[in-house]
Amino acid sequence: MNRRDFLRRAVKAGISIAAAGSLSLWLHDRVGPGRGEAKGDLVRVPDFSLPELGRRIAIVTGTNRRETVGRAIEALGGMDVFIKKGDRVLLKVNAAFASPPVLSATTNPELLAEVAGLCFKAGAASVVVSDNPINDPVSCFTLSGIDEAARSAGAKVMLPAEGAFRTTTVPGTTLLRGWPILWEPLQGITKLIGLAPVKNHHRSGASMAMKNWYGLLGGRRNIFHQDINTIIKDLALMVRPTLVILDGTTTMMTNGPTGGSLADLKQTNTMIVSTDQVAADACGATLLGITPADLPFIIRAAAAGMGTADFESLRPVRLSVG
Amino acid sequence: MRIVTVRRISQGFFLLLLLWFCLVSTMGVEWWQIRGWPVSWFLELDPLVALGTMLSTHTLYRGLLWSLVTVGLTILLGRFFCSWVCPFGTIHHLVGFLGSRGKPLAARVASNRYRRGQRIKYYLLTFLLTAAAGSLMLGLVRTPADRPVLFVVGAAALVLGGAAFALSKSAATPRRYLVLLPVLFGVWIALCFFLPAERVLLSSLQTGLLDPIPLVQRSLNLALLPFVGAAAAPPRYYEGAWLIGTVFLAAVFVNLWVPRFYCRFICPLGALMGVLARFALWRIGRTGDECKGCQLCETACEGACEPRAEIRISECVLCMNCVDSCRHDLMGYRTVRSTSGERTSPDIGRRGLLLSFASGVAAIPMVRLSGLVGSNWNPGLIRPPGSLSEPDFLKRCIKCGQCMRICPTNIIHPAGMEGGLEGLWTPVLNFRIGRSGCQLNCVACGHLCPTGAIRLFSLDEKLGRKEFREVGPIRVGTAFVDQGRCLPWAMDRPCIVCQENCPVSPKAIFTREYYSTMRDGILVVDGADPPTVVVADGHLEPGRLASGDYYCTLVGSNGEPPRRIVDNTHNSVTVSPGSPWVRIPRRGSSIAIQVRLQRPYVDPALCTGCGICEHECPVSGRRAIRVSAENESRNPRHSLMPRDT
């Protein structure tokens, strides 16, 4: 080996050692992995309520959902009061189960189409329909008729994709701390309307407007059933909607919240529209043959200042159609 | 246009078509999702699927009639399928072509020489078909007992025919035949009456393991598409897909060593077509004797069939490369025989054939010794709804994975060893991986099954409606509550997510209310100011009992309902005004703080085993409610109930 060869080799060896050394120093981690806490920024569901309008509730009886919901919204001042030109509206439906509309386990597609149409008529720039269902999302949205109804009304359907969730912490709650929520459909939204059917629920007593926000949760949300009344109260704290529409045209009296048979249903012909979700649920409870006092989550949400359980005190507008 | 260009277009077209069919086998409303495409078409064209199920079931299911087209064309034209249609062949062809690029001509010729190992595929074919033909052989063995007239007439004809044949031949043979025939008949009758044939001759269709069409569809459905499509939502998971993917990749990469390795050595479908090609009207062959021996024809010979010499018709895959590459125009595809001679039948020996036949007959009874099809059945083997009883299922399933791909909730998975060796890659339900349980209103798997292993069933049948009201819904199993893990049963915590999600009406999961006194929940009363009671030992966490699930009752007050607690401080509890105290608790008496539990029970008469409860159970590791195959409709012997109501 001559000198030139030796130098060449020495330089190559030096570069290799330097490269290995600098890579190791660059990646060196003195501390080691931590406890694995959630990363990323926390998100907060904005407040969509319109406090200046006060608490209003309309209860319209009738069999035709398009008519009853239209009259109810009219009675509260018309959709123009809630939806302004250019608003981007999220309609949070209950699409939890892959079940046909006739079984009333999910938001009625005709009701959804009517409300989406009213939003557009009031000048909404866009309407998004979303939920994080329990059963397979595609089957749920398809079988429930929600997908088709939303599309035909010009609304956009957003299914929960894997990356659609972000972490939230809701102040004043014990359960919703660092929990993933369905965030993608909420992005850029200026108004939020909840559309829920009135259903029997063996664990909580009833599944109505407040329970409907369960569909915004991600993760293994089923663990909250251990403390169902607290989670429903917490959901009411998390979501302050512009309006809730509680559909009691057909009430699921038994075997809820899945139903599965026409024998579980009862025609109660009532459409409840309110700016106060607690009052709406309190009114909905009467359709199930129970009182608001039978449902601890109503009492607790009211105590948390989210609304009133005494819906009669809001002097509901009562109308009848057809 | 050159003939090889036409071939390449055809190969590309069919490969893309298969990819498309696999891709669209997805439930949904998007334009690329299922829309009545004939997604099983390739499997139906496959004569091995048709022949295998025909041997095992003695029927030809629905679309499998398509295989006649392939059979007819193969008899006329030879193994055209391999080089013009077969998507797996196309993949091998392409990879083999890429692998031999840049190699010297001599090396390419060497890699395309005929190898004795190419006979293996015929033995594999024999083995697989024999394993499928057990029930047919059973029928044959039982003929003397079951159809004596037919047997006697047939035997007489055979003996007379044999005698006539023997007498017409040379003097050496008659004695041999005259001895052999009665011995054979003796053995036959002995087998019929003394062998417990129905226990020894069993059918199991295993062609799908190696049949290229099911193999490529399985690999695409379960390994490649989910792998490539991992970015697309929602992701699909398949238990043990790594093995399916590894087998596929191994079969593909081995082409770098020997082109079309799989087609030449393993493919049982190619072997079947090689046999069928025996009488082909048109064949590849030399048209003259002016061959200069340049071997160009063998540089890209896909079948390794020696076109330059005595061409092996059963190995020739009609790639047309020899026709295209001969500089002297000496190769042709014609009705005239090759001038250099041809071998029409496969290069197989009687001994090897007998050996594979015997192994095929023995394999299934041997595998069944573990009793998995009988009393040692695995309750974890939950088959999709509409599946036939296990022995009949195994006679039909070709492991193509179509049911697994179409399942909207991704709960159908390829079995590992759950169903024993013969159940490898057959469908089994797994409620942990998927996105829900078996959806009540879905009948997709039965519609896509190409062989009827999963019957074509209607929604009415699945749900037990209308004319099926009497027999009830299709059950795949039954849910069992694990009381040692269930929160309300084992840990005093309310839950009943399973009951909430039970999709049938009335719910198969029902609850019984139980008020369980909390740990350290007996408190001594210090005083009472209705509806509030003050206790002596104040260790309560303020507000903890206000959730709506906690109740309180006077110890020793038999029959009084517990009262709901609406609030508590560290040393007091307040009950709901809706349920006031009847007797005011006195100082010194005791109250019990109780949690109201709804404990789940399963009614086996209503449970269909859909697994939604198992999927939703918040005990997310080993679930506290789990489905197992007890009470499955497909096997009445697994019923839990005296009468299947």
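Biologist: How many residues of chain B are in contact with chain A?

Modeller: Two residues are in contact if their C-beta atoms, placed from the backbone, lie within 7 Å. By that rule 36 residues of chain B are in contact with 32 residues of chain A. Helix 25 (residues 497-501) of chain B gives the most to the side of chain B that touches chain A, with 4 residues. Helices (H or I, at least four residues) and strands (E, at least two) are DSSP runs, numbered from the N terminus. This is a predicted model, in which local features need pLDDT of at least 70 and side-chain atom pairs count only at pLDDT 80 or more, while totals for chains, interfaces and linings use all residues. Residues are numbered from 1 along each chain as its sequence is written, and chains are lettered from A and ligands numbered from 1 in the order in which they are written.

Biologist: Which classes of residue make up the side of chain B that touches chain A?

Modeller: Ala, Val, Leu, Ile, Met, Phe, Trp, Tyr, Cys and Pro count as nonpolar, Asp, Glu, Lys and Arg as charged, and the others, Gly among them, as polar. That side of chain B has 17 nonpolar, 14 polar and 5 charged residues.

Biologist: What is the radius of gyration of chain A?

Modeller: The radius is taken over C-alpha atoms, and the globule rule is 2.2 Å times the number of residues to the power 0.38. For 322 residues a compact globule would be near 20 Å, but chain A has 26 Å. Along the principal axes, the C-alpha atoms of chain A fill a box of roughly 105 × 40 × 40 Å. Chain A holds 9 helices and 11 strands.

Biologist: How many of the residues of chain A count as buried?

Modeller: A residue is buried if 20 or more other C-beta atoms lie within 10 Å of its own, exposed if 12 or fewer, and partly exposed in between; the C-beta atoms are placed from the backbone. In chain A, 55% of the 322 residues count as buried. In helix 2 (residues 65-75) of chain A the buried residues include R65(A), V69(A) and I73(A). Their cover includes strand 1 (57-61), helix 4 (109-121) and strand 9 (243-252) of chain A. Just after helix 2 of chain A, G77(A) takes a positive phi of about 120°.

Biologist: Which residues other than glycine have a positive phi in the loops of chain B?

Modeller: Two cases are D329(B), with phi of about 55°, and I496(B), with phi near 45°. D329(B) lies in the loop between helix 18 (321-325) and strand 3 (331-334) of chain B, and I496(B) in the loop between helix 24 (487-490) and helix 25 of chain B. D329(B) is exposed, with 10 other C-beta atoms within 10 Å, whereas I496(B) is buried, with 25.

Biologist: Where is there a kink in helix 14 of chain B?

Modeller: The bend at a residue is the angle between axes fitted to the seven residues ending there and the seven starting there. In helix 14 of chain B a kink of about 45° is centred on L220(B). The expected span of a helix is 1.5 Å times one less than its number of residues. Helix 14 (residues 212-228) of chain B spans only 21 Å between its end C-alpha atoms, where a straight helix of 17 residues would span 24 Å. Of its 17 residues 14 are buried, so helix 14 of chain B is largely enclosed by the rest of the structure.

Biologist: Is helix 3 of chain B enclosed or open?

Modeller: Helix 3 (residues 47-57) of chain B has 10 of its 11 residues buried, so it is largely enclosed by the rest of the structure. Its buried residues pack against helix 2 (41-45), helix 4 (67-77), helix 8 (120-132), helix 9 (134-141) and helix 17 (268-276) of chain B. Just after helix 3 of chain B comes H58(B), with a positive phi of about 65°.

Biologist: Where are cis peptide bonds found in chain B?

Modeller: One runs from S505(B) to P506(B), with omega near -5°. P506(B) is in the loop between helix 25 and strand 8 (509-529) of chain B. Another joins P530(B) and P531(B), with omega about 5°. P531(B) sits in the loop between strand 8 and strand 9 (532-535) of chain B.
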